[in-house]
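This report describes the architecture of a single protein chain and the surroundings of selected residues. Please consult the sequence and the structure below while reading.

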Amino acid sequence: MEQFRGLTLHAEASDSLRAARKLVTSALDDWGLSWLADDAELVIGELVGNVVNHAVPDARRARPGGSRRIDVTLRKWPSVLLVGVADEDSEPPCVPGRELFSPELAGDFVEVLLPTHGRGLSIVQQLSDALWWVPEAEGGKTVCCRFDLDGKPHSNAP
């Protein structure tokens, strides 16, 4: 049986990140997945933060003087949790390659090992079991990630 939670936020609201994290914590607690809350909160913070800091609505989605919409969704089945964050920007998310520089070549300059963008999505990749994005028909996109629940500690809470 699928369980669902969703929330529409506005990127310009000062409490959008806090509201997204609260949604995640509340849903996971209700679904008996509290053990996943820290990772899922960090993931949702990165995904919503990307919209707040980087998303620019497509011309056909932009409204003069309007706020940027963020739709957060959580879907849980017995063996998987899906997290989605939709925005009004059709540009694909930027995920850096894993091996951008050889540590041997960096020498004493470890800062060259850090990419200048996409670090948040690298964190999401590391914490979740899958990361992808889907373009929306009317413009915009949804960035999704999956947490596999099989074989991990969780209860059979509804």
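The account that follows moves from the whole chain to one helix, then to individual residues and charged pairs.

**Overall architecture**

The model discussed here is predicted. Its chain contains 4 helices and 5 strands, and read from the N terminus these elements follow the order β-α-α-β-β-α-α-β-β. Of the 158 residues in the chain, 35% are buried. The chain exposes about 9100 Å², of which carbon and sulfur atoms supply 54%. When contacts in the chain between residues at least 6 apart in sequence are considered, 67% join residues at least 24 apart.

**Helix H2**

Helix H2 covers residues 37–54. Its 18 residues, at 1.5 Å a residue, should span 26 Å, and the C-alpha atoms at its ends are 25 Å apart, so the two values agree. The buried residues of H2 are Ala37, Ala40, Val43, Ile44, Gly45, Leu47, Val48, Gly49 and Val51. Their cover includes two helices, H1 (16–30) and H4 (119–127). Strands E2 (69–77), E3 (80–87) and E5 (141–148) are also among the elements that cover these buried residues.

**Aspartate 89 and glycine 140**

Aspartate 89 is located in the loop that links E3 to helix H3 (103–106). Which side chain of opposite charge is nearest to this buried residue? That side chain belongs to lysine 141, at 4.4 Å. Aspartate 89 has no salt bridge, because a salt bridge requires a nitrogen–oxygen pair within 4 Å. The aspartate 89 side chain does, however, reach the backbone nitrogen of glutamate 91 at 2.9 Å. Beyond residues up to four places away in sequence, aspartate 89 touches His54, Ala55, Val56, Pro57, Asp58, Gly140 and Lys141.

Glycine 140, one of those contacts, sits in the loop between E4 and E5. Its relative accessibility is 1%, and glycine 140 therefore counts as buried. With residues up to four places away in sequence set aside, glycine 140 touches Asp58, Arg61, Asp87, Glu88, Asp89, Ser90 and Pro135. Asp58 is thus listed as a contact of glycine 140 and also of aspartate 89. The C-alpha atom of glycine 140 is separated by 7.2 Å from that of alanine 86, although their positions lie 54 residues apart along the chain when counted as sequence separation.

**Serine 128**

Serine 128 lies in the loop between H4 and strand E4 (130–135). With a relative accessibility of 7%, serine 128 counts as buried. A polar atom of its side chain is 2.7 Å from the backbone oxygen of valine 124, and the backbone oxygen of alanine 130 lies 3.2 Å from a polar atom of the serine 128 side chain. Leaving out residues up to four places away in sequence, serine 128 touches Cys145, Arg146 and Phe147.

**Threonine 73**

Is threonine 73, in strand E2, buried or partly exposed? Its relative accessibility of 22% places threonine 73 in the partly exposed class. Apart from residues up to four places away in sequence, threonine 73 touches Phe4, Arg5, Gly6, Leu82, Val83 and Gly84. Threonine 73 and leucine 23 are 50 residues apart in sequence, and their C-alpha atoms are 9.3 Å apart in space.

**Salt bridges**

The structure holds 6 salt bridges. The table presents three of them, with the N to O distance and the relative accessibility of each partner.

| Acidic partner | Basic partner | N to O distance |
|---|---|---|
| Aspartate 30 (41%) | Arginine 5 (23%) | 2.5 Å |
| Aspartate 71 (22%) | Arginine 69 (36%) | 3.0 Å |
| Aspartate 148 (27%) | Arginine 146 (26%) | 2.6 Å |

The side chains of aspartate 30 and arginine 5 meet in a salt bridge. Aspartate 30 belongs to helix H1 and arginine 5 to strand E1 (residues 3–10), so this pair ties together parts that are 25 residues apart in sequence. Aspartate 30 counts as partly exposed, as does arginine 5. Arginine 5 is also among the residues touched by threonine 73. Arginine 146, the partner of aspartate 148, is partly exposed and is one of the residues touched by the buried serine 128.

Definitions and conventions:
Residues numbered from 1 in each chain as written. Predicted model: local features only at pLDDT ≥ 70, side-chain atom pairs only at ≥ 80, totals over all residues. Heavy atoms only, no water. Expected span 1.5 Å × (residues − 1). Buried < 20%, exposed > 50% of the residue type's maximum accessible area, 1.4 Å probe, protein only. Contact = heavy atoms within 4.5 Å. Areas by Shrake-Rupley, 256 points an atom, 1.4 Å probe, with all protein chains shown as cover. Lys, Arg positive; Asp, Glu negative; His and termini not counted. Polar contact = N/O pair within 3.5 Å; in protein donor to acceptor, adjacent residues only side chain to side chain.
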